[in-house]
There are 2 protein chains.
Amino acid sequence: MKSLQTHLTDERIQSVLSGFKIGLEKESQRVTSDGQLATTDHPTSLGSRSFHPYIQTDFSETQTELITEVFDTDKGAIEQLEALHDVIVRSMENDERLWPISMPPDLPEDDRDIKIAKLENQGDINYRRYLAKVYGKRKQMVSGIHYNFEFSHDLLLNLFQIQNEYNDFTSFRTDVYLKVSRQYLRYRWLITYLFGASPFADKGYFMDQEPEQPVRSIRNSEYGYTNRPEIQVSYQTIKQYVSDLEKLVDDGELIETKEFYSSVRLRGSDNVEELLTHGVSYIEVRNIDLDPFERIGIAENTLRFLHLFLLTLLFLDEESDDAKLMLDLGTDYNNKVSLEHPLENTTLQKEGEWLLERMIQLNSQLTAPFDCTDLLDEVKKMLVNPSKTLAGRMLELMLEKDWTNEEFGRYFANLYYDQAFAKPYQLAGYRDMELSTQIFMFDAIQKGVKVEVLDRVDQFLCLSFDGQVEYVKNANMTSRDSYVVPLMMENKTVTKKVLAKAGYHVPGGKEFSTVAEALISYPIFKDSPIVVKPKSTNYGLGISIFKEGATKEDYDEAVRIAFSEDDSILVEEFLPGTEYRFFVLDGKTRAVMLRTPANVLGDGRQTVAELVAEKNKDSLRGTHHRAPLEKIQLGDIEQLMLKEQGLRPTSIPNKNQRVYLRENSNVSTGGDSLDVTEEMNDSYKHIAESAVEALGAKICGIDLIIPDSTIRGNKQDAQTYGIIEANFNPAMHMHIYPYAGVGQRLTMDVLRLLYPQLNN
Amino acid sequence: MKSLQTHLTDERIQSVLSGFKIGLEKESQRVTSDGQLATTDHPTSLGSRSFHPYIQTDFSETQTELITEVFDTDKGAIEQLEALHDVIVRSMENDERLWPISMPPDLPEDDRDIKIAKLENQGDINYRRYLAKVYGKRKQMVSGIHYNFEFSHDLLLNLFQIQNEYNDFTSFRTDVYLKVSRQYLRYRWLITYLFGASPFADKGYFMDQEPEQPVRSIRNSEYGYTNRPEIQVSYQTIKQYVSDLEKLVDDGELIETKEFYSSVRLRGSDNVEELLTHGVSYIEVRNIDLDPFERIGIAENTLRFLHLFLLTLLFLDEESDDAKLMLDLGTDYNNKVSLEHPLENTTLQKEGEWLLERMIQLNSQLTAPFDCTDLLDEVKKMLVNPSKTLAGRMLELMLEKDWTNEEFGRYFANLYYDQAFAKPYQLAGYRDMELSTQIFMFDAIQKGVKVEVLDRVDQFLCLSFDGQVEYVKNANMTSRDSYVVPLMMENKTVTKKVLAKAGYHVPGGKEFSTVAEALISYPIFKDSPIVVKPKSTNYGLGISIFKEGATKEDYDEAVRIAFSEDDSILVEEFLPGTEYRFFVLDGKTRAVMLRTPANVLGDGRQTVAELVAEKNKDSLRGTHHRAPLEKIQLGDIEQLMLKEQGLRPTSIPNKNQRVYLRENSNVSTGGDSLDVTEEMNDSYKHIAESAVEALGAKICGIDLIIPDSTIRGNKQDAQTYGIIEANFNPAMHMHIYPYAGVGQRLTMDVLRLLYPQLNN
């Protein structure tokens, strides 16, 4: 392939240079809390491995494999890998953790205790049995990261259009990937130097000889999981690559082509033969050790570096046309660097510096969002100071803490385990999204439903399972509801009209669209308990309640407040009783919730402020709606409320004295959410369910006022209940993680509504 | 029944006093443009009379009957009656009009030319044949208004709770309506005096004797359509009322109970016998003449007066317990007043003044919105000055214009006809609603689909036909679309992702949620034609187009403008070509529209300003989106645009010179809408249809950029088209009433989507 160097400065290339796609695969071993290989099966809550798109098992039953989808940013892949870790760790039973190092934990003495993955397909099991026989089970227990990389179509197409060597785009693209692969194999020692992270192996890995000192990467060395040296495949042309591989299989050297363990695999088809016709469309880089300092085994900066590295290799001219020579040199260099002491400078530092210079040059061509200057500064330091490399850092920490490799592994396994459970309602990688959506995504991923975030600000997901595509917004807006139903519920007047027509008790009232009209109508309401509220705004804004009727002055003020929130307002009859939220899905009440205003319970010892601080320690309480409950504040409103009770933050309430800090019961102002699904009289559930049916909704949060929930509710008896609102975007997280009572996994109910075929 | 007077000041009564329900029925004769009785059948476009809830025929085939639903305000009934008039007048063929006077137009000499209504039910026809025989066809041709009235349930319930005469609510309610009916019959002469409006009868009505002078109301006199004097029914008790009626039928005096033509009928059941068990639930007041000064035959003030009149009669003590005596007196008085000369004072003026005083007293108890002071002042004047009564006004106008009664009728028939066609895209009574909704309501009413406006500001309708209820918002949001689909279309990024995934060509681009991120990304776009736009705002706000690429300064400015409209913006590839709107419904392209910027065509004679004024005369052009097109403005933007072409408003363009006054093609800024449904190459319709299918939408406006519509479009060929937007709330009125080309009745398509069983 002719030099591409000169094209780098071409304007057409500039604008498309940074486009790419990546996908990650990450293996790790399941271990017990004391770092022993797990003896349990793959977690059953994860559904079937025969189709799970994200969570699989590799060689052994204990070796989980996490697979991301293809992304066009590093961040996208990192985020999904973060989420997959939350899902796998929270799905494992018996407090199991993931082993954070590429080299396996202590392996059992008896080979038979290393269980081959219990897959459904017998062929898959036989393949693993063959591998166990040829390489030994122990070598198969090594884990790592596979980095699948594709240049953007635009970049390759523009390069193709500029060059004049190839007439056929597919051939050009294939040769690009062949070149990059050759280059990668030639220079991969730099990756081993920087990111090699397997200095030791624990007991039970080495069957015969082993390195005498800590090294940069056992996994990438001759002690790692490699083919025998005789297994050689040419990267000169695609024809040679394919015919070499096929010959090795024909000769019985390999059982199938995927047994060829190169640091770079040419990809595009599972059938190697097809690479000749379809061409190579991406490459799989396989020599990345797990980074134990990262919960997910790899840092975003490592991905950025790999991207820039491959881009540099694409434009860099090859040292020689002799592919075999270069490949052998690369292997030599890599073996050497792998076995260097982690804290000693590498003998190849000079070549490293030269290569880094090429990367810096290329980086100067990249547009701002892709600028890697910071990263390259870092790598420069790593190159001269081996204690900044991964292996170097590992060794230094072990020395500092006086840890064995096993203790090191156990420490991080436990750390990451604790992190996964610290806020079990959040999903790492997507913590900026709404809580209900995070929990919903967790459930989907766990069950093997593919999730694509189409718009994260908008909480818009695309799900896919069994060939069935579903779009979901806010985790509760689905194709199962018809368009007019939420429009109807958005309009409180329309909702009431529809419910009243269907025979349900709703508060009477009038709607006003001008202040004058509302003010002049005071006489109609003057002696009745009323609620004045904006017609369509939610979240309790602009609402005034007059349980004893309003004076003219209060009424006028309430009208003005309500109009400040909306163009129309409602003046409604006030219904006395307790408000309950019924969450109805697919005709069934799935959860009933009672909300109480922010409060603390005295112990006769602590002050109000201390009690608040203590209550706020609950990990379910957070701020800005990223936790199921909000922390109780001690601001002006709360202090005023205390004052009205003759209290201050420094007062010490009596034992069992309930002190309220708010009048309103919103969870968003520190209120408690109490699940009462079990206790609630079925008669009210039936009313909620049939009212939601009358509205035609599949998913609905409907608020009932119930004066006395101990007596049976009756649709016809307005004394027993009243429906005050129906919500088409009902919060779900507060039901799933209530302050008290049993959590109701509503997100799973939504998932099953969409995919009734999900069977566990 | 004991006096209710004292309860009037009771607080419980005060707050519910003004509640009521009304429903109207209005007959009128269809006539030709020269005022002759129509000879055509009932219009076929109105669907079948066997179920039409709003438009029926009464006695003759030419006698239309318009029936409103039940409303709890006068305004509601008036508005619907307005709309029904627009529908019937625009549905009649051969330029027919409605005769505006109660007395029929010139009737044919031969009785056989008065055709009995061609109803489906043979019993209905036989009944009419019987009436023709007993009363003569001519008397049956008189038209009027029936006013159905019900006191609010709350008022009657509170009265019932306060009184101590009755133990049973139904009996109490029945006796309330009996009392009010007796009182109405006693005092109905006042209604005849004020609102009687049939001073003359045209040729062919009187078969024998006739009044010697103009009168207040032939219809309400002995010359009107009445039973023989022997037909007497008691209003003393419900038992007597029912038994009298049944005896008349048993004796063969009446063929059935509905042949009893009293000025007040007791209602509650079609079967009179059932009144004994179910009670009377409302009354039907039948002595209202058509008001020829009102397009719909009755003024809202007349309704307000009737309401107050009935409310007064409810609380007013009866003059005597002898029902028969009072009834006879009432009939006497009414006959007398009916035949008084319209311009002479009534002999009953004193009683009228006394009665009016009672009404004024009651009015003082009503809360503000129902205050009738203005109205009562008016009526006071009518009472002393007969030329202010309806009959008086009619006669004075005829004298002034030297019109015969026939000429008078023809004048108003023509006037109202012209009014109905002045803005055929609007629906009287609902002109404040969106145009598409007005047209949709027209279509629904025409086809006999019941329409209830649940919320007029929100354009929210409830339809009902054949027992099937449908909710519709904005005339295009229906239960046929699923909830996520519009949510998807609301988000331009999600829409593009879904379309791109399905293989459609959409402009490439990037989304930014911070200004900084957008600004730093300039290099990516610097040399490409781009569009910078807010992510979700519509109506073209905040959009900048750079067909030749943007300078850094222009780009920065465009980014800031877009961010002023939304939290996120898109920077997109600009696709060259012409933009077409495809309206796809139920998988089929129903309309294709090309929009051109505001423009005029020179004639070598008129100035730009004159050409604009002339173009603006088109009745399709209006302001504030209450017409299918907007008037062209000559503001700053338009003058600047002229200036750039070296023109001013006073310039005279050459013959056939097209002068554009705007850059943008929005109809809302005076642009022209050109229907090109027929001409558009089917290949593009197929692309639009399948793209809408990919989005999963039933109703969608999808915008395609087509560089050359003369060549076939190909989904795979990005050169032939690009999809730039999908709209879930597409305007329909511009397709129905385009500036040029054939109108596409999309509202009817939506109606048929909801009700495929509509068969004409």
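# Why the labels apply: a predicted two-chain model

Q: Where in chain A is A:Gln459 found?
A: In this predicted model, A:Gln459 sits in the loop that joins β8 (450–455) to β9 (460–465) of chain A.

Q: Why is A:Gln459 called buried?
A: The relative accessible area of A:Gln459 is 5%. Buried means under 20%, so A:Gln459 qualifies.

Q: What is notable about the phi of A:Gln459?
A: Phi of A:Gln459 is near 55°, which is a positive value in a residue other than glycine.

Q: Which term fits B:Asn94, buried or exposed, and how do you know?
A: The relative accessible area of B:Asn94 is 58%. The cut-off for exposed is over 50%, so B:Asn94 is exposed. B:Asn94 also has a positive phi, of about 55°, although it is not a glycine. Its place is the loop between α2 (74–91) and β4 (97–98) of chain B.

Q: What makes A:Thr64 a buried residue?
A: The relative accessible area of A:Thr64 is 0%. The limit is under 20%, so A:Thr64 counts as buried. A:Thr64 belongs to strand β3 (residues 63–67) of chain A.

Q: Which residues are in contact with A:Thr64, leaving aside its neighbours within four places in sequence?
A: Among them are A:Lys26, A:Glu27, A:Ser28, A:His42, A:Ile88 and A:Leu98. Contact here means heavy atoms within 4.5 Å.

Q: Why is helix α25 (residues 746–754) of chain A described as mostly covered?
A: Eight of the nine residues of α25(A) are buried. The buried residues include A:Leu746, A:Met748, A:Val750, A:Leu751, A:Leu753 and A:Leu754. A:Thr747 and A:Asp749 are also on that list. In chain A, buried residues make up 58% of the 760 residues.

Q: Why are β8 and β10 of chain B said to stand at the edges of their sheet?
A: The open sheet has three strands in the order β8-β9-β10 (chain B), with antiparallel pairing. β8 (450–455) and β10 (468–473) of chain B each have a single partner strand, so one side of each lacks a neighbour in the sheet. From one strand to the next, the twist averages 25°.

Q: How do you know that β9 and β10 of chain B pair?
A: Strand β9 (residues 460–465) of chain B and β10(B) are joined by six bridges in the antiparallel sense. Pairing asks for at least two bridges, so β9(B) and β10(B) meet the condition. B:Phe465 stands opposite B:Gln468 in β10(B).

Q: Which helix of chain A packs on this sheet of chain B?
A: Helix α17 (residues 492–501) of chain A touches β8, β9 and β10 of chain B. The direction of this helix makes about 130° with that of β8(B).

Q: Which are the edge strands of the sheet β11-β14-β12-β13 (chain B), and what makes them so?
A: This open sheet has four strands, and its pairing is antiparallel. β11 (509–512) and β13 (544–546) of chain B are the edge strands, as each pairs on one side only. The twist from one strand to the next averages 15°.

Q: How do you know that β12 and β14 of chain B pair?
A: Strand β12 (residues 530–534) of chain B and strand β14 (residues 569–573) of chain B share five bridges in the antiparallel sense. The requirement is at least two bridges, so these strands pair. B:Val571 in β14(B) is the bridge partner of B:Val532. Helix α20 (residues 552–563) of chain B packs on the sheet, touching β11, β12, β13 and β14 of chain B, and its direction makes about 25° with that of β12(B). Helix α17 (residues 492–501) of chain B lies across β11, β12 and β14 of chain B, at about 40° to β14(B).

Q: Why is the relation between chain A and chain B called a two-fold axis?
A: Chain B superposes on chain A after a rotation of 180° with 0.0 Å of shift along the axis, at an RMSD of 0.1 Å. That is the relation of a two-fold axis. The same surface serves both copies, since 100% of the contact residues of chain B recur in chain A.

Q: What confidence does the predictor give?
A: The complex has an ipTM of 0.87 and a pTM of 0.90. For chain A the mean pLDDT is 93, with 99% of its residues at 70 or more.

Note on methods
Residues numbered from 1 in each chain as written. Chains lettered and ligands numbered in written order. Predicted model: local features only at pLDDT ≥ 70, side-chain atom pairs only at ≥ 80, totals over all residues. Heavy atoms only, no water. Helix = DSSP H or I, 4+ residues; strand = E, 2+ residues; numbered from the N terminus. Axes fitted to C-alpha atoms, helices over the stretch in contact; angles between N-to-C directions. Least-squares fit on C-alpha atoms with pLDDT ≥ 70 in both. pLDDT = per-residue confidence, 0-100. Buried < 20%, exposed > 50% of the residue type's maximum accessible area, 1.4 Å probe, protein only.
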